[in-house]
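Here are some exercises to work through with the model open in your viewer. Try each task yourself before you read the solution.

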Amino acid sequence: MKRFWPWLRLLLAVGILVGLGLRLGTGAFLDGLRAIDAFSVAAALAIGFATTVLSAGRWVLIARRLGLSLTLRTAVSDYYRALLVNAVLPAGVLGDVHRAVNHGRESGDVGRGVRAVFFERFAGQFVLIGIGLVVLLTHPAPGLGLAPNGTTIALVLAGLVAAAAVGWQIRPVRKVLVNTLADGIRLLSFKTWPSVIGLSAATVAGYVAMFVVAARAAGSDATITQLAPVVVLALLIMAIPVNIGGFGPREAFLAVAFGAAGLGAQQGFTTGIVYGVLALIAALPGAVVLFTSRRRVAKTEQVEVVAERLGQPREQELALAR
C-alpha cells in the first residue's frame, strides 16, 4: 500500500480534474489560462516574494530558537526551491522534506532540522485555521453551511488525542513525540510565538491577496466579503495530499462554493486554475536557486578532483621515498 499510495493520490487528483472537465467543459480550463495577463503575473511574483520572505522569516525564528543556525538569505533561497519542488511534484510536500533534511544535515542535527520545518509549517496551518474559524463564524460560506460548531471542533480534537495515544504505544513513535513535545515547549517563549503568529497572519493575508488577484483575472466581481470565507476554506483544502502541484480538490471545492454562492461553478473552477498557475509563477525563482546550487556543487566537486590530482605526484614521491 505504501508503494502504491503516491500513484493512487495522483490518480485521484487526475480523476477530480477530469470529472470537473467533463462536468463544466474544457472551456473553463482554457479561460483560466487566457485570463492570465502581465498585471496578474507581476502581482503573483510580488506577492510570492512577500509571502516567501515572511515564511522564511518564520522558519529562521523557529530554527534559531531550537538552537540551529540559519540566515534569512539562506532560508529565502531554500524556501523558494521547496516551493518550486512542491509545485511541480505530485505529493506537494517533497520540497519541504528536502528543505528539512538538508538544513538538518548542514546543522549537524537532522532530527531537529526536520522538527524545525514541521513546527514552521504547523504554525502556518494553525494560524490559518484560527483565521478560518473567525472568518466562518463572522461570515459563513453562503449556501455551504460550513460554519464550524463545537461538536466538529471536539471531534477533531478527540481524533488528534486518540492518534497521539496510539502512537505513544509504539517506541520509535514515542521517542519522536517526546522530542517534538520538548522542542514545542521551547517555542512557547514570549520572544518567539508572537512574532511567529504575526508572520503567519501576514502570510495568510498574502495568500488571500493572490486568490483575489486570481478571481479578478477570472472575471469575478464578487466582493471581498463574499470571497473571504471561500478563500480561507480553499486554502485549508489545499493541504489535502491528493493533488497535482496543488490542482485537484481546490478546483472542485471552488466550483461547488462559487456555485452555492451564486457566483457560477464554472467561474470558481476558472479561478482555481488561475490561482494554480499564478502560484507556479510565484515559485519560479526557485528554478534559479536550483540552477545556481547545482553549479555550486559541480564547482566544488571539480575543485576537489583537481586538488586530488595535484596531490597525487607528491603522494607517489613520498611512497617511493619510503
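What follows is a set of tasks on a predicted model, each with a worked solution.

**Exercise 1. Get your bearings**

Task: work out how many helices and strands the protein has, and what share of its residues is buried.

Solution. Start with the secondary structure: it comes to 13 helices and zero strands. Reading along the sequence therefore gives you α and then α again, right through the pattern. Next, look at burial: of the 322 residues, 36% are buried. Now turn to the surface, where the accessible area is about 17900 Å² and carbon and sulfur atoms account for 69% of that. Finish with the contacts: among those between residues at least 6 apart in sequence, 71% join residues at least 24 apart.

**Exercise 2. Classify two ring pairs**

Task: decide which arrangement the rings of Trp59 and Tyr79 adopt, then do the exercise again for Phe211 and Tyr275.

Solution. The structure holds six aromatic pairs. For Trp59 and Tyr79, the ring centres are 6.4 Å apart and the planes meet at 65°; angles over 60 degrees count as edge-to-face, so that's the label here. Now place the partners: Trp59 sits in helix α3 (residues 38–65) and Tyr79 in helix α4 (residues 72–88), so the pair links parts of the chain 20 residues apart. Trp59 and Tyr79 are both buried.

On to Phe211 and Tyr275. Their centres are 3.9 Å apart with 10° between the planes, and since anything under 30 degrees counts as stacked, this pair is stacked. Phe211 belongs to helix α9 (residues 193–217) and Tyr275 to helix α12 (residues 265–282), with their positions 64 residues apart in the chain. Phe211 and Tyr275 are both buried too.

One more thing to look up while you have the rings on screen: ring pairs join Phe118, Phe119, Phe122 and Phe126 into a cluster.

**Exercise 3. Follow Arg99**

Task: find which rings Arg99 lies over, and which acidic side chains form salt bridges with Arg99.

Solution. Take the rings to begin with. Arg99 lies over the face of Trp59, 4.6 Å from the ring centre, and over the face of Tyr79, 4.2 Å from that ring's centre. At a relative accessible area of 2%, Arg99 falls under the 20% cut-off, so Arg99 is buried.

Now the acids. Asp96 makes a salt bridge with Arg99, with the closest N and O atoms 2.8 Å apart. Asp96 and Arg99 both lie in helix α5, three residues apart, which is about one turn of the helix. Asp96 counts as buried as well, at 11% relative accessibility.

Glu120 is another partner: the side chains of Arg99 and Glu120 meet in a salt bridge at 3.0 Å, N to O. Arg99 is in helix α5 and Glu120 in helix α6, so this pair ties together parts 21 residues apart in sequence. Arg99 and Glu120 are both buried.

**Exercise 4. Extend the network**

Task: starting from Asp96, find which residues the shared salt bridges join into one network.

Solution. The structure holds five salt bridges. Besides its bridge to Arg99, Asp96 meets Arg121 at 3.6 Å, N to O. Because Asp96 lies in helix α5 and Arg121 in helix α6, that pair ties together parts 25 residues apart in sequence. Arg121 is partly exposed, at 30% relative accessibility. Bring in Arg99 with Glu120, and you can trace the full network: Arg58, Asp96, Arg99, Glu120 and Arg121.

**Exercise 5. Buried or exposed?**

Task: assign a burial class to His103, Val135 and Val93, and describe the surroundings of each.

Solution. His103 is in helix α5 and, at 2% relative accessibility, is buried. Leaving out neighbours within four places in sequence, His103 contacts Trp59, Ala63, Leu68, Ser69, Leu70 and Gly113.

Val135 lies in helix α6 (residues 110–138) and is buried at 16%. With the same neighbours left out, the contacts of Val135 are Pro140, Ala228, Pro229 and Val232. The C-alpha atoms of Val135 and Ala228 are 7.2 Å apart, although 93 residues separate the two along the chain.

Val93 is in the loop between α4 and α5 and is partly exposed at 43%. Val93 helps make a nonpolar surface patch of about 550 Å², together with Val88, Leu89, Leu94, Val97, Leu280 and Leu284.

Key
Residues numbered from 1 in each chain as written. Predicted model: local features only at pLDDT ≥ 70, side-chain atom pairs only at ≥ 80, totals over all residues. Heavy atoms only, no water. Phe/Tyr/Trp six-rings, centres within 6.5 Å; stacked < 30°, edge-to-face > 60°. Helix = DSSP H or I, 4+ residues; strand = E, 2+ residues; numbered from the N terminus. Buried < 20%, exposed > 50% of the residue type's maximum accessible area, 1.4 Å probe, protein only. Lys NZ or Arg CZ within 6 Å of the ring centre and 35° of its normal. Patch = residues over 30% accessible without salt bridge, like charges linked within 9 Å, V, L, I, M, F, W, Y side chains within 5 Å. Areas by Shrake-Rupley, 256 points an atom, 1.4 Å probe, with all protein chains shown as cover. Salt bridge = Lys/Arg side-chain N within 4 Å of Asp/Glu carboxyl O. Contact = heavy atoms within 4.5 Å.
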